[in-house]
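Work through the exercises below with the sequence and the model at hand. Each task is followed by a solution in steps.

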Amino acid sequence: MAPTHVLRCCQRGLAWIPVIFIALVVCWSYYAYVVELCIFIYMVFFHLSFVMFVWSYWKTIFTRPANPSKEFCLPKAEKEQYVKEERPESQQEILWRAAANLPLYTRTGAGAIRYCDRCQVIKPDRCHHCSACDMCVLKMDHHCPWVNNCVGFSNYKFFILFLCYSLVYCLFIAATVLQYFIKFWTNELPDTHAKFHVLFLFFVAAMFCISILSLFSYHLWLVGKNRSTIEAFRAPVFRTGSDKNGFSLGFGKNIAHVFGDQKKFWLLPIFTSQGDGLKFPSRLVNIDPEQPTVSLQPEANKR
């Protein structure tokens, strides 16, 4: 047990290396831009983009992934019976009885109830088990090593804003440093150690711009379609069959589903997403009469 515990602690420690790397790059970029270059006319917008970038990055990292509630756990008697059963058919009968009153639209590829043997819970729609976090995550999108966290229902808006503000931050630095970068190559820049900061600032900002732009564009497309990264690669299976657009409610409602109804909060890294992550409206609800109707109203007291 001890070696396993030590190994797990080492893995958790190593998982923070990408986050520490990003933090160091951001701190250096702040020092190079504010202290070394000290371009006063750009300071207001620079600090605004810097604060929003760090705020959204912080929220993405330290917002705990949302997990299935107790209603999706098997009662003790059914759980013991499920473990004792050896036939998959009998196990499914237990799951079907337990899930009779749960708001579930999706199934496994074989049409069975989605159940996590590791967490011992019936998986809500769009919920998946993350092997890195070792938990079931509501509306899981992916596990991101750059934030050392699972991106899902509780922090997906923060992740989108993190990409947005990091892109703005890098674009602003690249655009304002470009003139000094050109002077560097034409030998018009004074021969001080600041010129090396200029060189690296431009290259690092431009490199991150290219990578972040593609990722940000992809996730904006996912938001417009109301899909997760997992669903984009593997369409969710409903009672009527697989449908990659099963949760799409139209562009406007898809955007509101992630960012909320109040547009004044869209650009702030505060939680405004609709719903509770346990049940999701589906365009298939009208053709799946065996399923309960799902409300689209946001929770009033959601953190």
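## Exercise 1: The whole chain

Of the 303 residues in the chain, 48% count as buried. The model is predicted.

Task: Describe the chain as a whole, and state where the prediction has low confidence.

Solution.
- Step 1. Count the elements: the chain has 9 helices and 9 strands.
- Step 2. Take the extent along the principal axes: the C-alpha atoms fill a box of roughly 80 × 50 × 35 Å.
- Step 3. Sort the contacts by separation in sequence. Among those between residues at least 6 apart, 62% join residues at least 24 apart.
- Step 4. Check the confidence. The average pLDDT of the chain is 89, and 93% of the residues score at least 70.
- Step 5. Find the weak part. Over residues 287-303 the pLDDT stays under 50, and the model has 36 contacts beyond four places in sequence for this stretch. Where pLDDT is low, predicted coordinates should not be read in detail.

## Exercise 2: Two domains

Task: Give the bounds of the domains and describe the contact between domain 1 and domain 2.

Solution.
- Step 1. The domain assignment gives domain 1 as 16-66 + 145-265 and domain 2 as 70-123.
- Step 2. Between the C-alpha centres of domain 1 and domain 2 the distance is 39 Å.
- Step 3. In the contact, 5 residues come from domain 1 and 5 residues from domain 2.
- Step 4. About 380 Å² is buried between domain 1 and domain 2, with 68% of it on carbon and sulfur atoms.
- Step 5. On the side of domain 1, V237, F238 and R239 supply 83% of the area buried against domain 2, more than any other three residues.

## Exercise 3: Helix α6

Task: Compare the span of α6 with the expected value, then follow the helix to its end.

Solution.
- Step 1. Helix α6 covers residues 156-185, which is 30 residues.
- Step 2. From its first C-alpha to its last, α6 reaches 41 Å, close to the 44 Å expected at 1.5 Å a residue.
- Step 3. Look for a bend: α6 turns by about 45° at L178.
- Step 4. Check the burial: 21 of the 30 residues of α6 are buried, and the helix is mostly covered.
- Step 5. After α6 comes N187, with a positive phi near 60°.

## Exercise 4: Three residues

Task: Are D243, R118 and F196 buried, partly exposed or exposed?

Solution.
- Step 1. D243 sits in the loop between β9 (241-242) and α9 (251-259). D243 counts as buried because its relative accessibility is 16%, and the cut-off for buried is under 20%.
- Step 2. Leaving out residues up to four places away in sequence, D243 touches A235, P236, F238, R283 and L284. F238 is also one of the residues named in the domain contact.
- Step 3. R118 lies in the loop between β2 (115-116) and β3 (121-122). Its relative accessible area is 57%, so R118 is exposed.
- Step 4. Beyond four places in sequence, R118 touches H129 and D134. R118 and D134 are 16 residues apart along the chain, and their C-alpha atoms are separated by 8.3 Å.
- Step 5. F196 belongs to helix α7 (residues 194-225). At 44% relative accessibility, F196 is partly exposed.
- Step 6. F196 and G109 are 87 residues apart along the chain, with their C-alpha atoms separated by 56 Å.

Methods. Residues numbered from 1 in each chain as written. Predicted model: local features only at pLDDT ≥ 70, side-chain atom pairs only at ≥ 80, totals over all residues. Heavy atoms only, no water. Helix = DSSP H or I, 4+ residues; strand = E, 2+ residues; numbered from the N terminus. Expected span 1.5 Å × (residues − 1). Bend = angle between axes of the 7 residues up to and from the residue. Buried < 20%, exposed > 50% of the residue type's maximum accessible area, 1.4 Å probe, protein only. pLDDT = per-residue confidence, 0-100. Contact = heavy atoms within 4.5 Å. Domains from an automatic or database assignment. Buried area = accessible area lost by both parts, 1.4 Å probe.
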